[in-house]
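The exercises below are meant to be worked through with the sequence and the model side by side. Try each task before reading its solution.

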Amino acid sequence: MQSLTSLHSFGLSCTAQAFIRMNQPTDLHSSLNLKSSAFYILGEGSNTVFLEDYQGTVIRPAFMGVDLKHTDTHYLLKVGAGENWHQLVLWCMQNQIYGLENLALIPGSVGAAPIQNIGAYGVEIEQFIHQVDFYDLNKQCHKSLRRQSCEFAYRDSVFKNDLADKVVITSVTFAIPKIWQAVEHYGELRELSEPSAMDIFNKVIEVRQSKLPDPKKIGNAGSFFKNPIISLEQFHLLQKTWPSMPSYALDNIAKVKVPAAWLIDTLGFKGKKIGGIACHPNQPLVLTNDGSGTGEELLALARSIQSAVSKEFSIELENEVRLIGKNGPVVL
Ligand code: FAD
Ligand code: EPU
């Protein structure tokens with residue numbers, strides 16, 4: 001039996017039958033007999049919530065290493081899945097490799113970054129991904145996918161769909177252009193004038209620290225829901241009742257992204273609690289655990305937000321976090 005409380009940032013009290021840390025991709029061949037038992041691949045647990053005792057084995061890929069190569073135009077960085085994401089961003093900044101600064105301070109491992117195509121402050125990681133290397137658990141062999149085949153979209157990729165729970169990502173190769181271009185159009189970054197990469201890095205850290213609760217202080221998994229994408233038609237209809245509803249235009253499609261935080265805020269959920277689980281008073285898209293919360297309380301609060309948003313706006317919120325029950329994934 002292994003406690004999972006400190007192995008996921010939401011920090012609910014629960015256990016797994018067993019926990020295996022894999023240090024080398026070759027361990028995947030030798031020690032996995034996964035066909036016969038339930039398993040869950042866990043990075044740093046910042047986008048996973050274990051709702052109750054998990055009746056299976058939790059496997060942590062801890063493959064380390066950073067290998068830097070150059071082409072005329074790009075830095076090619078091959079990074080082990082077990083490396084910490086923010087430490088990689090920091091290492092790049094220290095080595096004058098610029099481009100990842102908008103994604104500073106996102107918790108988690110490098111191996112999980114392609115899974116939901118991590119994004120923040122106007123950048124998504126897909127634009128820097130060259131190749132993802134993984135172990136195919138069904139075919140029991142190592143394979144790779146180039147960026148074009150990863151089916152990246154907002155908080156989405158082939159690894160969350162066709163390949164979900166069928167592969168272990170072993171390393172990710174990033175291609176970072178040698179000629180740097182600032183991305184400074186998102187929110188508070190607009191306050192900066194002709195910023196350097198380091199200015200953006202520092203600003204992103206400052207804004208994130210002021211807005212998002214620190215999982216070391218209070219359990220959370222970042223945004224609990226995705227920002228919904230709706231048709232322009234539906235948006236214009238909603239605007240008649242809610243003229244102040246914000247939206248973000250999307251490239252090349254007649255749809256808009258609506259901030260889920262605004263929907264949840266407008267319905268008065270900020271600060272609402274069920275037991276030890278709360279809707280964060282400053283950032284309502286984040287649900288928190290004061291240490292005493294349970295999986296049932298989390299599901300109850302998340303479902304009440306989801307059904308209120310559906311009733312009022314006819315918008316179906318989807319969870320961004322991965323919810324794991326005793327036998328595996330749980331649908332909200
Ligand atoms: P885990 O929670 O361990 O796993 C996430 C998923 O990836 C699971 O499905 C798991 O099975 C799978 N997985 C993990 N490693 C592997 C592997 N090697 N091979 C195969 N599958 C694997 N996300 C953003 O995109 N933008 C943000 O701005 C952001 N801010 C956050 C702020 C806070 C305070 C928190 C707590 C989270 C935030 N997140 C954000 C979510 C989270 O940081 C990312 O999703 C991150 O990539 C998760 O990494 P992890 O290693 O903790 O993943
Ligand atoms: N808003 C409110 N009330 C609030 C807070 C926000 O109405 O109390 C509205 C405002 O209109 C604001 C908008 O929500 O402009 C967006 O807020 P913010 O810029 O904080 O971003 P977000 O939509 O809440 C998304 C990502 C974050 C990412 C930030 C910055 C998703 C699901 N979340 O949050 O990612 O860090 O943008 O780019 O896309 C995560 O995935 O875990 C995560 C934290």
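**Exercise 1.** Find the residues that surround ligand 2 and say which come closest.

*Solution.* Ligand 2 is surrounded by 24 residues, and the closest of them are Y121, Y154, S223, D265 and E320. Bear in mind throughout that this is a predicted model. Sorting the shell by class gives twelve nonpolar, five polar and seven charged residues. Turning to secondary structure, at least two residues of this shell come from each of α3 (197-211), β13 and α5 (260-266), and α5 gives the most, with three residues.

**Exercise 2.** Which side chains place a polar atom beside an oxygen atom of ligand 2, and how much of the ligand's accessible area does the protein cover?

*Solution.* Begin with N227, whose side chain has an N or O atom 2.9 Å from an oxygen atom of ligand 2. Next comes Q283, with a polar side-chain atom 3.1 Å from an oxygen atom of the ligand, and then Y248, where the corresponding distance is 3.4 Å. As for cover, ligand 2 has 830 Å² of accessible area on its own, and the protein covers 81% of that.

**Exercise 3.** Describe the surroundings of ligand 1, from its nearest residues to the domains that contribute to its shell.

*Solution.* There are 33 residues around ligand 1, and I41, G43, S46, S109 and R208 come nearest. By class, this shell holds 17 nonpolar, twelve polar and four charged residues. Looking at individual atoms, a backbone N or O atom of E44 lies 2.9 Å from an oxygen atom of the ligand, a polar backbone atom of N47 is 2.8 Å from an oxygen atom, and R208 brings a polar side-chain atom to 2.7 Å from a nitrogen atom. Taken alone, ligand 1 exposes 970 Å², of which the protein buries 94%. The elements giving two or more residues to the shell are β3 (39-41), β8 (119-120), β12 (167-177) and β13 (219-223). At the level of domains, domain 1 (2-61) and domain 2 (67-177) each provide at least three residues of the shell.

**Exercise 4.** What is the volume of the second largest pocket, and which residues lie nearest its centre?

*Solution.* The volume of the second largest pocket is about 250 Å³. Its lining consists of 13 residues, with Y154, K226, N227, I229 and E318 nearest the centre. Divided by class, the lining has five nonpolar, three polar and five charged residues. Comparing these names with the earlier solutions, Y154 is also among the closest residues to ligand 2, while the side chain of N227 has an N or O atom 2.9 Å from an oxygen atom of that ligand.

Methods: Residues numbered from 1 in each chain as written. Chains lettered and ligands numbered in written order. Predicted model: local features only at pLDDT ≥ 70, side-chain atom pairs only at ≥ 80, totals over all residues. Heavy atoms only, no water. 1 Å grid on protein atoms, 1.4 Å probe; cavity = no way out; pocket = protein on both sides within 12 Å on 5 of 7 lines; lining within 4 Å. Points joined across faces, edges and corners; volume = space filled by probe spheres on them. Nonpolar A, V, L, I, M, F, W, Y, C, P; charged D, E, K, R; others polar. Near = heavy atom within 4 Å. Polar contact = N/O pair within 3.5 Å; in protein donor to acceptor, adjacent residues only side chain to side chain. Areas by Shrake-Rupley, 256 points an atom, 1.4 Å probe, with all protein chains shown as cover. Helix = DSSP H or I, 4+ residues; strand = E, 2+ residues; numbered from the N terminus. Domains from an automatic or database assignment.
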